[in-house]
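Let's take a walk through this structure together, moving from its helices to its core and its aromatic rings. Keep the viewer open as you read.

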Amino acid sequence: MAENDVNQNSDLLNAINSVEEVKVGDVVTGEVLDIDDDRQVIVGIQGAGVEGVVPLRELSTQHIDNINDEVKIGDELELVVISRIGDDKEGGSYLLSRKRLLARKVWKEIEEKAANGEELEVPVTQVVKGGLVVDAGVRGFIPASMIENRYVDDLNAYKGQTLKVKIIEIKPEDNRLILSHKAVINAERAEKRQEVLSSLQEGEVVTGKVARLTNFGAFVDLGGIDGLVHISEISYERVEKPSDVLKPGEEVQVKVLSVDPERERISLSIKQTQPGPWENIAEKAPVGAVLDGKVKRLTDFGAFVEVFPGVEGLVHISQISHKHIATPADVLEEGQDIKVKVLEVHPEERRLALSIKALEEAPKSEKKASKAPATDYSKDMPEETTGFTLGDIIGDSLKDSDK
């Protein structure tokens, strides 16, 4: 045999021996030989001497509209063998996937991030019943209960958004990846809550947003923690329901009344950031002024009349009418609009003495009567919560009877 023939046979034998057997699960390198009309890629498996097929759906973890935008003839792709096509070992080919190999790497990266407690940023690709589908390199799912720390009515608002999430559950073998945006929000709020609690000072005025309303007050978000404005601290005027004067999302100025870091409780006031109703009362209601008022409460000794929001004065029973009346209810009723005349103003004690009969013409018999001593509204006696002394309430009748 000629030496040349021996060398050729030797090269052929070496080439045959160098061909590696391809097995399912192997990671191989394939050179793109062709892109056929069936939207699949034909590759030559390096070192095996056989061809393989990569369907479009197995080419990428992302959606591909045009296969020619993803690969070109001559490209080398790292692929995983999925299955054998045909029984002829020499002429057979293999079903290959680039997508699954990429997914393996993504799953590994996600597992590492989960172990380190790292967060992911993922775009929302689809809204489905019960939650959101996101792209984390692999398909991830955020259940509706894990989207926000509040109820979400319309999930469609999240489509196209990118959310920061924590990894809750990961099972690569089941292609299961459960994520939570709510966990990120809660962690951020907890951190912010401590910052706010440590920085707030009693007496300072800050800006917040009404977070939610209850029957007993309003919770105001101070940027990470909510403080309570009790219904009595919303306004100087009487408030029946917080929802009558406030709306969720409304920006308000509040004064910090107290801070309890251990219990994470903050008490706030809206009304104390506003001018008090008794401020400049001597100018708004000087002695002799005639004011419009509304009867708020009736008692045995007189009527309390509101002349400005949050400002009530007392019309003693002796100042209601020139005629004798047994009780104020004989001539007045709660909610009635009346006019009153200011008899006395005591800004420090927050007291007004008012009169109805001073605006009415006195009977002739009363005009001829001798002038009675002025009523003393300044008795040094214990005050009720109204600010009026016992002398205001009883008047001169008890004094005269003692005599």
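What should the 18 residues of helix H3 span at 1.5 Å a residue, and how far apart are its end C-alpha atoms? For H3 (residues 182-199), the expected span is 26 Å and the end C-alpha atoms are 25 Å apart, so the two values agree. Please bear in mind that this is a predicted model, so every distance here comes from predicted coordinates.

With the span of H3 settled, look at which of its side chains point inward. Val-184, Ile-185, Val-196 and Leu-197 are the buried residues of H3. They pack against strand S6 (119-128), S9, S10, strand S14 (251-260) and strand S15 (265-269).

Now turn to helix H2, which covers residues 99-116 and also has 18 residues. From its first C-alpha to its last, H2 reaches 26 Å, close to the 26 Å expected at 1.5 Å a residue. Its buried residues are Leu-101, Ala-103, Val-106, Trp-107 and Ile-110. An α-helix has 3.6 residues a turn, so residues three or four places apart point the same way. That is a handy idea to keep in mind while you rotate the helix. The buried residues of H2 pack against strands S1 (27-36), S4 (76-85), S5 (93-97), S9 (162-171) and S10 (176-180). S9 and S10 thus appear among the partners of H2 and also among those of H3. Just after H2, Gly-117 takes a positive phi of about 70°.

What about the outward side of H2? Lys-108 has its place in this helix. With a relative accessible area of 54%, Lys-108 passes the 50% cut-off and is therefore exposed. Lys-108 and Pro-172 are 64 residues apart in sequence, yet their C-alpha atoms are 8.5 Å apart in space.

A second exposed residue is worth a stop. Pro-248 is found in the loop between strand S13 (226-230) and S14, and it counts as exposed because its relative accessible area is 58%. Leaving out residues up to four places away in sequence, Pro-248 touches Val-210, Ala-211 and Leu-213. Ala-218 lies 30 residues from Pro-248 in sequence, with 9.0 Å between their C-alpha atoms.

Next, the nonpolar interior. In soluble globular proteins, nonpolar side chains tend to be buried together. The largest nonpolar core here has 22 residues, and the ones that touch the most other members are Val-305, Val-307, Val-340, Val-342, Leu-352 and Leu-354. Strands S16 (290-298), S17 (302-308), S18 (311-316), S19 (337-346) and S20 (351-355) each give two or more residues to this core. S19 gives the most, with 4 residues.

The aromatic rings come next. How many aromatic pairs does the structure hold? There are 2. In one, the rings of Phe-216 and Phe-219 have centres 6.2 Å apart and planes at 85°, so the pair is edge-to-face. Phe-216 is partly exposed at 42% relative accessibility, whereas Phe-219 is buried at 17%. In the other, Phe-301 and Phe-304 have ring centres 6.1 Å apart and planes at 90°, so this pair is edge-to-face as well. Both Phe-301 and Phe-304 are buried.

Phe-304 has a charged partner too: Arg-297 lies over its face, at 4.3 Å from the ring centre. Likewise, Lys-284 lies over the face of Phe-308, at 5.1 Å from the ring centre.

Step back now to view the whole chain. The protein has 7 helices and 20 strands, and 37% of its 403 residues count as buried. Among contacts between residues at least 6 apart in sequence, 56% join residues at least 24 apart.

Finally, a look at confidence. The protein averages a pLDDT of 84, and 83% of the residues score at least 70. Among its elements, S10 has the highest mean pLDDT (96) and helix H7 (residues 396-402) the lowest (43). Over residues 11-19 the pLDDT stays under 50, and the model has 3 contacts beyond four places in sequence for them. Residues 377-387 are also below 50, but this stretch has 28 contacts in the model beyond near neighbours in sequence. Where pLDDT is low, the predicted coordinates should not be read in detail.

Definitions and conventions: Residues numbered from 1 in each chain as written. Predicted model: local features only at pLDDT ≥ 70, side-chain atom pairs only at ≥ 80, totals over all residues. Heavy atoms only, no water. Expected span 1.5 Å × (residues − 1). Buried < 20%, exposed > 50% of the residue type's maximum accessible area, 1.4 Å probe, protein only. Contact = heavy atoms within 4.5 Å. Core = buried A, V, L, I, M, F, W, Y, C linked by side-chain atoms within 4.5 Å. pLDDT = per-residue confidence, 0-100. Phe/Tyr/Trp six-rings, centres within 6.5 Å; stacked < 30°, edge-to-face > 60°. Lys NZ or Arg CZ within 6 Å of the ring centre and 35° of its normal.
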